[in-house]
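User: Please take a close look at a single part of this model. I would like one connected answer that starts locally and then widens to the whole chain.

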Amino acid sequence: YGFILFKSSNLIADGSELLLLVPSIAGVVGSVVLPVLGAVPDGAIVLFSGMGDNAQEQLSVGVGALAGSTIMLLTLPWSLSIISGRVNLDGNGKGNYRRP
């Protein structure tokens, strides 16, 4: 199941890049189509996690995994930008924006 989601995500990404090359629909693709296609794998995770005998507990796991992946996707770039954007301070407390 995970492999199928991986392959489908790659196919969606490749197809969306090709759709952006068509100038007449590039605006619609970037603002409507790509966000919807990006949400399809996340919705599939929640949908398929709710199938089975113990649906309530399994659905909680699927929603938790979805929330966790979203939090990770927000936290990782933020923390990397904080770490890579730090600068040394001089004696007055102002940023020294030259390479050490």
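Analyst: Pro35 is partly exposed, because its relative accessible area is 46%, which falls between the 20% limit for buried and the 50% limit for exposed. The model is a predicted one, and what follows is computed from it. Pro35 sits in helix 2. Leaving aside residues up to four places away in sequence, Pro35 touches Val29 and Gly30. Leu73 is 38 residues from Pro35 along the chain. In space, the C-alpha atoms of Pro35 and Leu73 are 15 Å apart.

Now take Val36. Helix 2, residues 26-49, holds this residue as well. Val36 counts as exposed because its relative accessibility is 51% and the exposed class begins over 50%. Val36 also helps to make a surface patch. The other members are Val28, Val32 and Val40. Their patch is nonpolar and covers about 330 Å².

Next comes helix 3, which runs over residues 55-84. Two of its residues make useful reference points: Thr70 and Gln58. Thr70 has a relative accessible area of 39%, so it is partly exposed. Gln58 is partly exposed too, because its relative accessibility is 36%. Each can be paired with a residue elsewhere in the sequence. Thr70 and Ala44 lie 26 residues apart along the chain, and their C-alpha atoms are separated by 15 Å. Gln58 and Ser31 lie 27 residues apart in sequence. Their C-alpha to C-alpha distance is 33 Å.

How do these pieces fit into the chain? The chain has three helices and two strands. Read from the N terminus, the order is α-α-α-β-β. The helices therefore precede the strands, as that order of elements shows.

The overall dimensions come next. The C-alpha trace spans about 65 × 45 × 20 Å along its principal axes. The radius of gyration is 21 Å, whereas a compact globule of 100 residues would have a value near 13 Å.

Burial and contacts complete the view. Of the 100 residues in the chain, 7% count as buried. That class requires under 20% relative accessible area, so Pro35, with 46%, falls outside it. For contacts between residues at least 6 apart in sequence, 26% join residues at least 24 apart. The accessible surface of the chain comes to about 8,000 Å². Carbon and sulfur atoms account for 68% of that surface.

Back to the starting point. Pro35 is a partly exposed residue of helix 2. Val36, in that helix, is exposed and belongs to the nonpolar patch with Val28, Val32 and Val40.

Conventions
Residues are numbered from 1 along each chain as its sequence is written. This is a predicted model: local features need pLDDT of at least 70, side-chain atom pairs count only at pLDDT 80 or more; totals for chains, interfaces and linings use all residues. Side-chain values use heavy atoms; hydrogens and water are left out. Patches are made of residues with over 30% relative accessible area and no salt bridge: like charges are joined within 9 Å, nonpolar side chains (Val, Leu, Ile, Met, Phe, Trp, Tyr) within 5 Å. Accessible areas come from the Shrake-Rupley method with a 1.4 Å probe; for residues, only the protein chains shown count as cover. A salt bridge is a side-chain nitrogen of Lys or Arg within 4 Å of a carboxyl oxygen of Asp or Glu. Helices (H or I, at least four residues) and strands (E, at least two) are DSSP runs, numbered from the N terminus. Buried means under 20% relative accessible area, exposed over 50%, partly exposed in between (1.4 Å probe, protein chains only). The radius of gyration is taken over C-alpha atoms; the globule rule is 2.2 Å times the number of residues to the power 0.38. Contact means heavy atoms within 4.5 Å.
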